[in-house]
Amino acid sequence: MVNAHLVEGDAGCVLVDAGLPGSAHRVGRALEALGRTWKDLELIVITHAHVDHAGDAAELRKRSGAPIVAHAAEREHLAGLAPMTYCPTGWFGRLFVKTPAIHERYLRVDPDILLSDGETLDLSRFGVRGAVRHTPGHTKGSISVELDSREALVGDLLASGVLLGGIVRAGHAIRPPFEEAPATAGAELERMVDAGIQTFHLGHGGPLNAREVLRHARVLRHLRPGAPIPQRFSPEAARAR
Ligand SMILES: [Zn+2]
Ligand SMILES: [Zn+2]
């Protein structure tokens with residue numbers, strides 16, 4: 001239910017997100033399947049500091065020697081200096097935030113490259129054609145990778161499927177369990193669709209096409225921060241059935 005993406009470029013690989021603690025061996029297997037080794041990993045992008053995206057970052061840097069890039073606003077969370085924030089979007093998020101899994105400790109990391117607001121990192125020097133951009137909304141310091149191939153890897157800027165995004169309704173966009181600023185997330189998604197992104201790869205579920213992302217973005221634009229959205233799967237609805 002948790003995605004990390006390995007982008008293979010002409011001159012190297014870029015990893016987008018580091019998975020839960022203990023998942024580095026999966027990245028090793030993915031590199032092997034491409035006929036690559038840890039040396040080919042040029043950069044580790046952490047889209048935000050939630051444990052399912054940053055959990056094994058320290059171990060992955062140790063194995064590959066690749067630098068880690070994150071946004072400056074996530075730094076104190078990654079470094080363990082401040083607890084991560086969670087703004088639930090519905091019953092699942094409210095329930096989830098009470099489980100120990102989400103507060104699971106991971107090896108704290110200090111990123112090698114910190115992006116500031118509005119700053120872009122060109123990926124060509126890491127062997128991939130594209131850029132890392134600041135895309136706030138899910139958290140203040142969320143970042144995304146936009147590739148020249150018109151694909152984007154957006155972390156938790158949106159999700160798909162049910163709950164944490166499984167195989168059911170994977171083509172249907174939903175809000176992730178947590179989201180700090182829905183209107184901001186919506187604006188970022190609209191900007192990416194306008195810029196020509198056709199396929200969106202997500203931290204949970206996906207991929208989604210531009211048309212579905214635009215439909216979702218327009219819903220988000222009209223929500224207040226922290227406002228719940230009617231859920232298709234809620235305990236109340238299940239009981240009523
Ligand atoms: Zn998240
Ligand atoms: Zn996530």
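**Two zincs and a helix: a Q&A**

Colleague: At 14% relative accessibility, does D52 count as buried or exposed?
Modeller: This is a predicted model, so take the numbers as computed from it. The cut-off for burial is under 20% relative accessible area. D52 comes in at 14%, so the verdict is buried.

Colleague: What about H53, buried or exposed?
Modeller: H53 and D52 both donate to the zinc ion (ligand 2), H53 through NE2 and D52 through OD. The relative accessibility of H53 is 0%, so H53 counts as buried.

Colleague: Which residues coordinate the zinc ion (ligand 2)?
Modeller: Along the chain, the donors follow the spacing D-H-x102-D-x47-H. The distances run from 2.1 to 2.2 Å, and the donors are D52 (OD), H53 (NE2), D156 (OD) and H204 (NE2).

Colleague: What do you call the arrangement of the four donor atoms around the zinc ion (ligand 2)?
Modeller: For four donors to be tetrahedral, all angles have to lie between 85 and 135 degrees. Here the angles go from 84 to 160°, so the arrangement is irregular.

Colleague: And which residues coordinate the zinc ion (ligand 1)?
Modeller: The site of the zinc ion (ligand 1) is irregular too, with angles of 93 to 165° among its four donor atoms. In sequence, its donor residues are spaced H-x1-H-x87-H-x17-D. At 2.1 to 2.3 Å, the donors are H48 (NE2), H50 (ND1), H138 (NE2) and D156 (OD).

Colleague: Which residue bridges the zinc ion (ligand 2) and the zinc ion (ligand 1)?
Modeller: Look for a name that turns up in both sites. The two ions are 3.5 Å apart. The residue that coordinates both is D156.

Colleague: How many residues apart are H138 and D156?
Modeller: Both of these donors to the zinc ion (ligand 1) are buried. H138 sits in the loop between β7 and β8, while D156 sits in the loop between β9 and β10 (159-160). The pair links distant parts of the chain, with a separation of 18 residues.

Colleague: Switching to helices: what should α6 span, and how far apart are its end C-alpha atoms?
Modeller: Helix α6 covers residues 182-194, which makes 13 residues. The rule is 1.5 Å times one less than the number of residues. That gives an expected 18 Å, and the end C-alpha atoms agree at 18 Å.

Colleague: Which elements do the buried residues of α6 pack against?
Modeller: The buried residues of α6 include P182, A185, L189 and V193. Just after the helix, G196 takes a positive phi of about 105°. The packing partners of those buried residues are β7 (130-134), β8 (143-147), β9 (151-153), β12 (199-201) and α7 (210-221).

Colleague: Zooming in on A185, which residues is it in contact with, leaving aside neighbours within four places in sequence?
Modeller: A185 has 0% relative accessibility, so it counts as buried. Its C-alpha is 7.9 Å from that of L158, although the two are 27 residues apart in sequence. The contacts of A185 beyond its neighbours are P136, G137, L157, E179 and L220.

Colleague: At what angle do α1 and α3 pack?
Modeller: The axes of α1 and helix α3 (residues 57-64) are 9 Å apart, at an angle of about 45°. That makes α1 oblique to α3. The contact is made by A24, H25 and V27 of α1 and E59, L60 and R63 of α3. So the label is oblique, and the angle is about 45°.

Colleague: Any backbone oddities? Which residue has a positive phi of about 80° although it is not a glycine?
Modeller: R150 is a non-glycine with a positive phi near 70°, in the loop between β8 and β9, and at 42% relative accessibility R150 counts as partly exposed. The one you want lies in the loop between β2 (13-16) and α1 (24-33). At 2% relative accessibility it counts as buried: D17.

Colleague: Where is the cis peptide bond that involves P207?
Modeller: P207 is found in the loop between β12 and β13 (208-209). Omega is near 0° for the bond from G206 to P207.

Colleague: Last one: what share of the protein's contacts with a separation of 6 or more comes from residues 24 or more positions apart?
Modeller: The protein has eight helices and 13 strands. Of its 241 residues, 52% are buried. For contacts between residues 24 or more positions apart, the share is 69%.

Notes: Residues are numbered from 1 along each chain as its sequence is written. Chains are lettered from A and ligands numbered from 1 in the order in which they are written. This is a predicted model: local features need pLDDT of at least 70, side-chain atom pairs count only at pLDDT 80 or more; totals for chains, interfaces and linings use all residues. Side-chain values use heavy atoms; hydrogens and water are left out. Helices (H or I, at least four residues) and strands (E, at least two) are DSSP runs, numbered from the N terminus. Buried means under 20% relative accessible area, exposed over 50%, partly exposed in between (1.4 Å probe, protein chains only). Contact means heavy atoms within 4.5 Å. Donors are N, O and S atoms within 2.8 Å of the metal (3.2 Å for Na, K and Ca); water is not among the atoms, so sites may look incomplete. Four donors count as tetrahedral if all angles lie between 85 and 135 degrees; four count as square planar and six as octahedral if opposite donors are over 155 degrees apart and all others between 65 and 115; anything else is irregular. Axes are lines fitted to C-alpha atoms, for helices over the stretch in contact, and angles run from 0 to 180 degrees between N-to-C directions. Angles under 35 degrees count as roughly parallel, over 145 as roughly antiparallel, 65 to 115 as roughly perpendicular and the rest as oblique.
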